[in-house]
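Trainee: I would like to learn how to read a few features in a structure, taking them one at a time. Could we look at the chain together and begin with the strands?

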Amino acid sequence: MADRAAAPGHTGALIVANPASGSHSPRLVREIAELCAAHLDLVEVHLTTAPGDATDVARRAAAPAPGPRPDLVVAVGGDGTVREIVQGLTDTGTDGAAALTIVPGGTGNSAYRMLWGERPWQEALKAVLADSGPGGTARLRRLDLALLRETGNAVFLGSCSGVIADALITARDLPLTGRARYARAFADTADGYRPYPGRVTVDGRVVHEGPTVLANVGGGPYRGGQYLVLPHSRLDDGLLDVCVIDGAVAAADVPELTRTAAHLDHPGTVYARGRTVVVERTDGERLPLEHDGEYQHGIGTTATFEAVPAALPVWAPADPV
């Protein structure tokens, strides 16, 4: 009972786990549930069964309702699972009673890394459960999102066109797990990749037009859990960071350049910030696009992103990584 008293303000936890995610295991879910139960009286576990299920359960958690209910939604899965939960927590149009907490259980886990770095998930979750009061090691932050106008979807981690998007298709057939899977997919896709003809506009100003290897809008600094594409991005400044790598950079060099943000030193890279970003493919073909680790098959030639400041309550370290 002493442990439960050390969780100031928390009413309970809803654990939403995706059994199809890259590194899911029943043991991981049990460990998370046991840790939550050591601090909270109310713990629920929901295993997703289909695409969109995590959005539905998160939407119900965020909607106002009488009686005791969890105030923590613990996302267990990859960046795609986190994206679904973010959509559910924010599309009710209210400030809801539930805030997001992430436990990495996918392939890249960029969303977890942008908040907690390389800290073990046990350390992060314990901080949220037991050390989130005044002066504690975890605090509640309100983070920015982007709205993808063409689909109405919320974008949390970020969105990328070009080689990073197409690498998700390559990854599906690789017999690897974790970050190694995406690293191999990125390298294989970049080898011989043909830039697409594109245009990127930030707050009405064209910042790039021509051959495009990738255009990343976000969001978090990392993609694939290890590629530092947007190193200057802040999660609560009300702006979207934009990085465009053009055809002057060999696509095969992009994976290694972005591991250390060395791409920013290349004259073929443009970096900008703004509140509205439009990414276009100018030859009339479909724009290759992903966001939050999910390929967007239904997008057309254009993707329009609008910053939505302070839209999402998320538990994060008191001292940002």
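Mentor: We can, and please keep in mind throughout that this is a predicted model. Strand 7 and strand 15, the latter made of residues 289-291, pair in the antiparallel sense over three bridges.

Trainee: Which residue of strand 15 is the bridge partner of C160?

Mentor: The bridge partner of C160 in strand 15 is E290. Strand 7, which covers residues 159-162, also pairs in the antiparallel sense with strand 9, residues 205-218, and here there are four bridges. Within that second pairing, G162 has L214 of strand 9 as its bridge partner.

Trainee: And what should I keep in mind about side chains when I look along a strand?

Mentor: In a regular strand the side chains alternate between the two faces of the sheet.

Trainee: Let us turn to aromatic rings. How many aromatic pairs are there?

Mentor: A pair of aromatic rings is described by the distance of the centres and the angle of the planes. The count comes to three aromatic pairs in this model. One of them joins Y182 and F186, whose ring centres are 5.9 Å apart and whose planes make an angle of 45°, so that the pair is classed as tilted, a term kept for angles that are neither under 30 degrees nor over 60.

Trainee: Where in the chain do Y182 and F186 lie?

Mentor: Both lie in helix 8, residues 178-190, and they are four residues apart, which is about one turn of the helix. Ring pairs also bring in Y227, linking it with Y182 and F186 into a cluster.

Trainee: Are Y182 and F186 buried or exposed?

Mentor: Y182 has a relative accessible area of 6% and is therefore buried, the cut-off for that term being under 20%. F186 is likewise counted as buried, with a relative accessibility of 0%.

Trainee: How should I read the charged side chains, and how many salt bridges does a search of the whole structure find?

Mentor: The search finds 14 salt bridges, and a careful reading takes each pair with its distance and with the exposure of its partners. R113 and E118 meet through their side chains in a salt bridge, at 3.1 Å from N to O. R113 is buried, with a relative accessible area of 17%, whereas E118, at 53% relative accessibility, counts as exposed. R113 also lies over the face of Y222, 3.9 Å from the ring centre.

Trainee: Which arginine of helix 8 does E118 meet in a salt bridge?

Mentor: The side chain of E118 meets that of R179 in a salt bridge, at 3.1 Å from N to O. This pair links distant parts of the chain, since E118 is in the loop between helix 5 (110-116) and helix 6 (121-130) while R179 is in helix 8, 61 residues apart. R179 itself is partly exposed, with a relative accessible area of 27%.

Mentor: For another case, take R234 and D236, whose side chains meet in a salt bridge at 3.9 Å from N to O. Here R234 is exposed, at 52% relative accessible area, and D236 is partly exposed, at 35%. Salt bridges that share partners, by contrast, join R113, E118 and R179 into one network.

Trainee: Finally, how many cavities of 30 Å³ or more does the count give?

Mentor: The count gives one cavity of 30 Å³ or more, and about 100 Å³ of space lies in the largest cavity. It is lined by 14 residues, of which D144, L145, F156, G218 and G219 are the closest to its centre. Strand 5, residues 138-148, gives the most to this lining, with four residues.

Notes: Residues are numbered from 1 along each chain as its sequence is written. This is a predicted model: local features need pLDDT of at least 70, side-chain atom pairs count only at pLDDT 80 or more; totals for chains, interfaces and linings use all residues. Side-chain values use heavy atoms; hydrogens and water are left out. Two strands pair if DSSP finds at least two bridges between them. Helices (H or I, at least four residues) and strands (E, at least two) are DSSP runs, numbered from the N terminus. Rings of Phe, Tyr and Trp (its six-membered ring) pair if their centres lie within 6.5 Å; planes under 30 degrees apart count as stacked, over 60 as edge-to-face and the rest as tilted. Buried means under 20% relative accessible area, exposed over 50%, partly exposed in between (1.4 Å probe, protein chains only). A charge sits over a ring if NZ of Lys or CZ of Arg is within 6 Å of the ring centre and within 35 degrees of the ring normal. A salt bridge is a side-chain nitrogen of Lys or Arg within 4 Å of a carboxyl oxygen of Asp or Glu. On a 1 Å grid over the protein atoms alone, a cavity is a set of points where a 1.4 Å probe fits but cannot get out, and a pocket is an open set with protein on both sides within 12 Å along at least five of seven lines; lining residues have an atom within 4 Å of a point. Grid points are joined across faces, edges and corners, and a volume is the space filled by probe spheres set on the points.
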